[in-house]
Amino acid sequence: MKRGKIWRGLTSTFALLLTVMLFVTNIALSYSGSINSYLNISTTELVSNSDEDTEYYKSSYGELSDENLELLLIDSYQECVDEQEEGSVLLKNDNNALPLAEDERSVTLFGHASVDPVYKPTSGGASASGDYLITYHDALVNAGFSINEILFTAYENSSTTRVVGMDSIAYGYTEADIGEESIEFYTDEIRESWSDDYNDEAIVLFAREGGEDADLSVCDYEGISQLALHQDEKDLLEMLQSYKEQGIFKKIIVLLNSPWAMETDEINEYDVDAILWIGNPGLRGFEGVANILTGAANPSGKLTDTYAANSLSAPAIIYANGNTQEYANSDEIQAYCTDDDANVSYYTIYAESIYVGYKYYETRYEDVILNRYNADSSVGSSTGDSWNYADEMSYPFGYGLSYTTFEQTLDSVERTDDLITATVTVTNTGTVAGKSVVELYAQKPMRSKTVWRPLPSSLRVSTRPKNWHLVNLKH
C-alpha cells in the first residue's frame, strides 16, 4: 500500500516536472537568440578558405559604437527633414504669401489637428511618439514662431476625437468623424486671444487619417466623401475670412496633413492665401515644414496623383471600400472562420482595370480632345454638363509650385532598342535657390478603347455624382 502511494507521488511529481520542462523549453527556444547573446554563446561558426573581405556593404560610419550610432541617428533625422522639404507640394501661393517674412512669426494655429497631427499612416510600424518626436508646435517654436497658447491649450483640453477612416461607420459614429471643432467651440474668450496679437497669420491644419482596412468613406455622416471639406472646416474658414476682412489676420495659410488626395476647390472660396500639402511628416518632418514656412527651405515636391475637384467622380469609386460586393455564399465562408470577421464576406471588383487616379482622368481628357468614344458625355461629370477636364481637376498629376521660377529645355532625345535617353537643361530664372523636378511623359499605343456606360439601377450606390462604370472593349 505504501509502495503504491510512493509510486503515485513520484509519477505526479515527474509529470509536473515534465510539464514545467516542456514549457520552459518552448520559452527558451523562442528566446534562444537573446539567451545566447546574454550568455555569449555562438551557435554558428564562420569558416573561410580565403582572405577575401566578404563584408560587401560597409557602413560609412565605421564600426558599431555609441559615437558612430549617434552620428547615424543625426544623419537619419536630417534625412527626414530633407525629405519633407523636398517632398512637400506648394499648391497655392497668392501674392507670394509664402515664405513668411521675419516680422510675420506671431501666429495662431487653427484646426484640432494642430494638437493631434497625423504623423504616420495608420497601417504598420511603430507609432510616432517618444523622445525623438518633434511635434508640430515645437517645430514652429524652434523656428522662431510665437504661438497663441490660449487656443492651442483649448484644443488640447477638448475631447474631440478624429476617427480613422471607415471606422467612423463601423463603430456607429455620427459626429466628429474628421475630428474638427464646431464653430461654437470658439468662445468670446478664445476669439480675444488673437484680436490684438498672434494674428500675423492664421495657419490651419486639416488632417485625414486612414490605413489598411480603414479606407476613407465615400459617404460619411454628412453624406459626403471624407475627402471633402466638412461643415466644421467650412465654418472655421468662413470665420477666418471674416477676421481677415476686418484686418485682424494678414494671411490665411492651409496645411494639408494627409496622404489622401483631398478635395481642395472649396478651400479657395474662403480667401486662403496659400495651400501646402505636407502628407505625413513622421518623427522629424515638421522641422522641414517650419523651414518651408520661413523660407529656410524651398519646396520642390510635385503631386504623384491627381487632385480631383470631386473625389467621387471617377468610375473606380463605385467599388471603393463600403461599396464592395458580398459573396452569395458568405454564410458558408463565415463557417470556416474562427472569428466573426465580416470582411471575408466581401470582394472587390476591379471593373475599371488600370483606369484609376490620373490614368483615368488623363485618358478621358485625351479622348475628349480627340473627340472619340463619347468621352465628352455628361456621364460621370461633376457639373452635370459635358465632361470637361478643367471642371474635374483641382491640381493635375505632376503639379507643384516653388518660391522661384525655372526654365526647362528639352535638348535631345535618343532612343535605342531598350533605352531612351533625354537630355534636359534646367535654369533657375528667379532670385531664390531651389530645386526643380524634370518630368518626362511617354505614351504607349492604346490597345483598347474605353466606353463609359451607366450602371444598372440594381448596382447603384448613393454617391454624389451619377453612378457609372468603365468597360474595356478589346480590339
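The following paragraphs describe the overall composition, the six-stranded sheet and several local features of a predicted model.

The protein comprises 475 residues, of which 40% are buried. Its secondary structure consists of 12 helices and 14 strands. Among contacts with a sequence separation of 6 or more, 70% involve residues 24 or more positions apart. The exposed surface of the protein amounts to about 27,500 Å², and carbon and sulfur atoms contribute 51% of that area.

Six of the strands are arranged as an open sheet with mixed pairing, in the order β1-β6-β5-β4-β2-β3. The edges are occupied by β1 (89–93) and β3 (146–147); each has a single partner strand, so one side of each is left without a neighbour in the sheet. Helix α5, spanning residues 149–157, packs on the sheet and touches both β2 and β3. The direction of α5 makes an angle of about 20 degrees with that of β2.

Within the sheet, β4 (residues 201–207) is paired on both sides. With β2 (residues 106–110), β4 forms a parallel pairing over four bridges. In this pairing T108 stands opposite A202, and F110 stands opposite V204. The pairing of β4 with β5 (residues 251–257) is likewise parallel and extends over seven bridges; L205 has L255 of β5 as its bridge partner.

The burial of β4 was examined residue by residue. Seven of its seven residues are buried. In a regular strand, side chains alternate between the two faces of the sheet. For β4, one side carries E201, I203, L205 and A207, whereas A202, V204 and F206 lie on the other, and all of these residues are buried. Both faces of the strand are therefore covered, given that each of these residues falls under the cut-off of 20% relative accessible area.

A buried charged residue is found outside the strands. R284 is located in the loop that connects β6 (274–277) with α9 (285–294). R284 is buried but has no salt bridge. The nearest side chain of opposite charge belongs to E287, at a distance of 4.1 Å; the pair is not counted as a salt bridge because that criterion requires a side-chain nitrogen within 4 Å of a carboxyl oxygen. When residues up to four places away in sequence are set aside, R284 touches Y77, C80, V81, Y132 and I134.

Certain backbone features were also identified. Most residues other than glycine have a negative phi, and most peptide bonds are trans. In the loop between β1 and β2, N96 departs from this pattern, with phi near 50 degrees, a positive value in a residue other than glycine. N96 is exposed, its relative accessible area being 61%. The loop between β1 and β2 also contains P99, and the peptide bond from L98 to P99 is cis, with omega near 0 degrees.

A positive phi also occurs at S353, where the value is about 55 degrees although the residue is not a glycine. S353 lies in the loop between β9 (346–347) and α11 (358–369). With a relative accessible area of 39%, S353 is classed as partly exposed, because this class lies between the limits of 20% for buried and 50% for exposed residues.

Note on methods. Residues numbered from 1 in each chain as written. Predicted model: local features only at pLDDT ≥ 70, side-chain atom pairs only at ≥ 80, totals over all residues. Heavy atoms only, no water. Helix = DSSP H or I, 4+ residues; strand = E, 2+ residues; numbered from the N terminus. Buried < 20%, exposed > 50% of the residue type's maximum accessible area, 1.4 Å probe, protein only. Contact = heavy atoms within 4.5 Å. Areas by Shrake-Rupley, 256 points an atom, 1.4 Å probe, with all protein chains shown as cover. Pairing = 2+ DSSP bridges. Axes fitted to C-alpha atoms, helices over the stretch in contact; angles between N-to-C directions. Lys, Arg positive; Asp, Glu negative; His and termini not counted.
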